[in-house]
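Colleague: Could you take me on a close look at the sheet in this model and at what packs around it? I would be glad of one connected account rather than a list.

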Amino acid sequence: PEAGGSTISWSKLDSDVVKELTSIAASGKKIVLMTQTYASPTTSKLIEEFKAKYPTTTHVVYDSISESAALDAFQSQYGVRGLADYDFSKATTIVSVGADFLGDWQGGGYDSGYASGRVPKNGKMSKHIQFESNMSLSGANADTRVMLKPSEQKQVLAKLYSALVGGSVSVKLDARLSKAVEATAQALKKAGSNGVLVTG
């Protein structure tokens, strides 16, 4: 670490920060502690201890990539604000539209379930179709990776939904994307309750 353009030790940094926080709290000024969303009782306990030591602290949660829409959708469906948890090991067909579920999508942690469903047993293993604009870890591992523009992701989802439920939407996709959506819809229908579609 550096302070004032000079290298300092970690212990010096720690003592300077504690001294400054103590001074700010003693003067009644506000301290803001900003974190990302977390689901850790230990982290919650540490933050509460920090706030007890520095009572002028306000804890602000901010995510650079918000999961609010997913939280809202889950709450409207189930009456509880939360994120769905997926067991990819049980899926025979996995479709992702812009969700890097092998990366840090919704906090990550889906890689082991995904990997256990990708070991051929009796000639079968899960099929993974990835629609995405930028290369991701999930896309790199997909059986089929379909490149598309970010502006086309919602259109692909609408067309896929329409193909699955038998409706019709006025979405125009080029022939390549239309063919990929139709093949994906067929794969999901064939998988039935063992199919999963996620979106980022």
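Modeller: Happy to, and let us begin where β5 and β8 meet: these strands run parallel and are joined by 5 bridges. Please keep in mind that the model is predicted. Two of the residue pairings can be picked out by eye. Isoleucine 94 has valine 196 of β8 as its bridge partner, and serine 96 stands opposite valine 198 in β8.

Stay on β8 for a moment, since its side chains alternate. Val196 and Val198 point to one face and are buried, whereas Gly195, Leu197 and Thr199 point to the other and are not. That is the general pattern: in a regular strand, side chains alternate between the two faces of the sheet.

Now step back to the whole sheet. It is open and made of 4 strands in the order β7-β6-β5-β8, with parallel pairing. The edges are β7 (144-147) and β8 (195-199), each of which pairs on one side only. From one strand to the next, the twist averages 10°.

What packs around these strands? The largest nonpolar core has 16 residues, and those touching the most other members are Val95, Phe131, Val156, Leu160, Leu173, Leu177 and Val181. Two or more residues each come from β5 (93-97), β6 (127-132), α6 (153-165) and α7 (175-191). Helix α7 gives the largest share, 6 residues. Leucine 177 is a good one to click on: beyond its neighbours within four places in sequence, it is in contact with Val146, Met147, Leu148, Glu152 and Val156. Apart from this core lies another, of 11 residues, among them Ala91, Ile94, Ala99 and Val198.

Alanine 91 leads us back towards the strands. It sits in the loop between α3 (68-78) and β5, and its relative accessible area is 9%, so it counts as buried. Leaving out residues up to four places away in sequence, alanine 91 touches Ser126, Asn194 and Val196. Val196 is the residue we met as the bridge partner of isoleucine 94. For a sense of scale, the C-alpha atoms of alanine 91 and valine 32 are separated by 43 Å, with their positions 59 residues apart along the chain.

Helix α6 deserves a stop as well, for serine 162 is found there. Serine 162 is at 9% relative accessibility and therefore buried. Its side chain reaches the backbone oxygen of glycine 167 at 2.6 Å. Not counting residues up to four places away in sequence, serine 162 touches Gly167, Ser168 and Val169.

Finally, follow the chain out of β5 to the aromatic rings. There are 9 aromatic pairs in the count. In one of them, the ring centres of phenylalanine 101 and tyrosine 114 are 5.5 Å apart and the planes lie at 65°, so the pair is edge-to-face. Phenylalanine 101 belongs to the loop between β5 and α4 (111-116), while tyrosine 114 is in helix α4, 13 residues apart. Both partners are hidden from solvent by the 20% cut-off: phenylalanine 101 is buried at a relative accessible area of 0%, and tyrosine 114 is buried at 6%. Ring pairs also join these two with Tyr86, Phe88, Trp105 and Tyr110 into a cluster.

Notes: Residues are numbered from 1 along each chain as its sequence is written. This is a predicted model: local features need pLDDT of at least 70, side-chain atom pairs count only at pLDDT 80 or more; totals for chains, interfaces and linings use all residues. Side-chain values use heavy atoms; hydrogens and water are left out. A nonpolar core is a set of buried Ala, Val, Leu, Ile, Met, Phe, Trp, Tyr and Cys residues joined through side-chain atoms within 4.5 Å. Buried means under 20% relative accessible area, exposed over 50%, partly exposed in between (1.4 Å probe, protein chains only). Contact means heavy atoms within 4.5 Å. Rings of Phe, Tyr and Trp (its six-membered ring) pair if their centres lie within 6.5 Å; planes under 30 degrees apart count as stacked, over 60 as edge-to-face and the rest as tilted. A polar contact is a pair of N or O atoms within 3.5 Å; within protein, one must be able to donate a hydrogen and the other to accept it, and residues adjacent in sequence count only if both atoms are side-chain atoms. Two strands pair if DSSP finds at least two bridges between them. Axes are lines fitted to C-alpha atoms, for helices over the stretch in contact, and angles run from 0 to 180 degrees between N-to-C directions.
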